[in-house]
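I opened this entry to record what I looked up in the structure, going element by element. The notes follow in the order I made them.

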Amino acid sequence: MGIFMSIKELFKALYFVCSLQFLRMALLWNFSILFSYYPLIKASIFSQKLKSYPRCSPSSIPFKPVCVITGATSGLGLATAHDLSKEGYVVVIVGRSQQLLLETIKKIKDRNPDAHLKDFQVDMSSIESIIKFKTSLRQWLLDSDLHCSVQILINNAGILATSPRVTAEGYDQMMGTNYIGPFALTKLLLPLLGSSPVSSKIVNVTSFTHRNVTDMQVDEGIISGKRFLSSKQYPYAQIYEYSKLCLLLFSFELHRQLCLTERSNQIFVTAADPGVVQTNIMREVPASLSSLAYYVLDRLRVLQSPEHGASSIVDAALATPGPSGEYFFGGKGRTINPSALSRNSKLALELWETTSNLLSQTPFGVEEKQM
């Protein structure tokens, strides 16, 4: 049985190695992370200063601030939840598994007994689940002694699926979890963010892999992922890149739209790129290959632990009010430029309208009209 499983794993690894998607990950993803580090290395060598923002403690807020973190039961989400609990935030932990949520609370409490935590079981690929969460969160805030508002929303949940899976709405699960879900959740929580007596922040966790998308067609087939589901070979690496670019385009478009309203000094939107972090996101890649990839990345000195990788997310969350529309990368409050395509305002608006039309055909459309 053991030999059979070993042979099976070997063939699975060979299949991955020979696929164009894995080669894309091995070559283009490594290039894009090194390209992202180039401004930091250049600034260090030539003693140049990158634009950076200091962290601001919430101690001056006259009430207990609330932070919502999706995908908080492992890796970056868990590390971020722990860091923000130490800063005095009431951390709302969002995850798919009730068992993992309970384990996460125990892990954080073991390290920080004073942590104020609340867990909600939510499937970020399900619009119905996200709507239920919004209702439950608001009711919990009303029933508690907390102010009925949210000060920080961190859209961290994300997956790398190597085989096609479909959500209840018929979307590709990776596009649903990494982009459509955060889009819907953010729009549903805008009233709670906007009702905060102090400025609030939205932090969207994106990825350096967005740099590999050099051209993008925006239509419902691409955004929902349905076009990818019909492909002979599931282009998982490209879908992941698309989903992270979409999240980035959404971030900048939301920033632009808020700047045109009275909320321009009330809600700030930023993107955070943690870089390469050793988490379980590669769990669907054969273990031998993911171990080899992490070994190579460690030799290149770009591999980080979740605790270290979370620094750019925490930087964005705690940055002094003002850095809306920025792209945090590399820790120490530093920001760099994302890809030129991600700054394409015409493309971002087209994506916003297409996604809104797509979601209008779901219960989200009814919910949004009632807001």
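I count a residue as buried when its relative accessible area is under 20%. By that cut-off I found both faces of strand 4 covered: Ile152 and Ile154 are buried on one side, Leu153 and Asn155 on the other. The model I am working from is predicted.

**Sheet**

I looked up the strand order next. Seven strands form an open sheet in the order 3-2-1-4-5-6-9, with parallel pairing. I noted strand 3 and strand 9 (327–329) as the edges, since each pairs on one side only. From one strand to the next, the twist averages 20°.

As general background, I wrote down that the strands of a sheet pair through backbone hydrogen bonds, in either the parallel or the antiparallel sense.

**Strand 1 and its two neighbours**

I took strand 1 (residues 66–70) with strand 2 and listed five bridges between them, running parallel. Val68 is opposite Val92 of strand 2. Between these two strands the chain passes through helix 3 (residues 75–86), and I logged this β-α-β crossover as right-handed.

On the strand 4 side I found three bridges from strand 1 to strand 4 (residues 152–155), again parallel. Two pairs went into the notebook: Cys67 is opposite Ile152, and Ile69 has Ile154 as its bridge partner.

**Strand 2**

How many of the residues of strand 2 are buried? I counted six of the six in residues 90–95, so strand 2 is largely enclosed by the rest of the structure. I then split the strand by face: Val90, Val92 and Val94 are buried on one side, and Val91, Ile93 and Gly95 are buried on the other.

Towards strand 3 (residues 116–121), I found strand 2 paired in the parallel sense over six bridges. Gly95 is opposite Gln121 there. The connection is helix 4 (residues 98–111), and strand 2, helix 4 and strand 3 form a right-handed β-α-β unit.

**Helices on the sheet**

I checked how helix 4 sits on the sheet. Helix 4 touches strand 2 and strand 3, and its direction makes about 170° with that of strand 3. Helix 5 (residues 127–143) lies across strand 1, strand 2 and strand 3. I recorded its direction as about 150° to strand 3.

**Strand 4 to strand 5**

I followed the sheet on to strand 5 (residues 200–205), which is joined to strand 4 by four bridges and runs parallel with it. Asn155, already noted as buried, is opposite Asn204 in strand 5. Strand 4, helix 6 and strand 5 make another β-α-β unit, which I logged as right-handed.

**Helix 6 against helix 13**

At what angle do helix 6 and helix 13 pack? I read about 85° between helix 6 (residues 173–194) and helix 13 (residues 345–359), with their axes 11 Å apart. That makes the two helices roughly perpendicular.

I listed the residues that meet here. Helix 6 brings Tyr179, Ile180, Phe183, Ala184 and Lys187, and helix 13 brings Leu351, Trp352, Thr355, Ser356, Leu358 and Leu359.

I then singled out Ser356 of helix 13. Is Ser356 buried or exposed? Its relative accessible area is 17%, and the cut-off for buried is under 20%, so I entered Ser356 as buried. Leaving out residues up to four places away in sequence, Ser356 touches Phe183 and Lys187. I had both of these on the helix 6 side of the contact list.

**Helix 12**

I looked up burial in helix 12 (residues 311–318) and found it mostly covered, with eight of its eight residues buried. By name, these are Ser311, Ser312, Ile313, Val314, Asp315, Ala316, Ala317 and Leu318. What covers these residues? My list includes helix 3, strand 4, strand 5, strand 6 (267–273), helix 11 (306–309) and strand 9.

**Annotated span**

Last, I looked at the record. An unreviewed UniProt entry carries the annotation "transmembrane region" for residues 12–38. In the model, I found that span to be 93% helix and 0% strand. The C-alpha atoms at its two ends lie 35 Å apart.

Note on methods
Residues numbered from 1 in each chain as written. Predicted model: local features only at pLDDT ≥ 70, side-chain atom pairs only at ≥ 80, totals over all residues. Heavy atoms only, no water. UniProt positions renumbered as here; feature names shortened; annotations may be inferred. Buried < 20%, exposed > 50% of the residue type's maximum accessible area, 1.4 Å probe, protein only. Pairing = 2+ DSSP bridges. Right-handed = clockwise from strand over helix to strand, strands pointing away. Axes fitted to C-alpha atoms, helices over the stretch in contact; angles between N-to-C directions. Parallel < 35°, antiparallel > 145°, perpendicular 65-115°, else oblique. Contact = heavy atoms within 4.5 Å.
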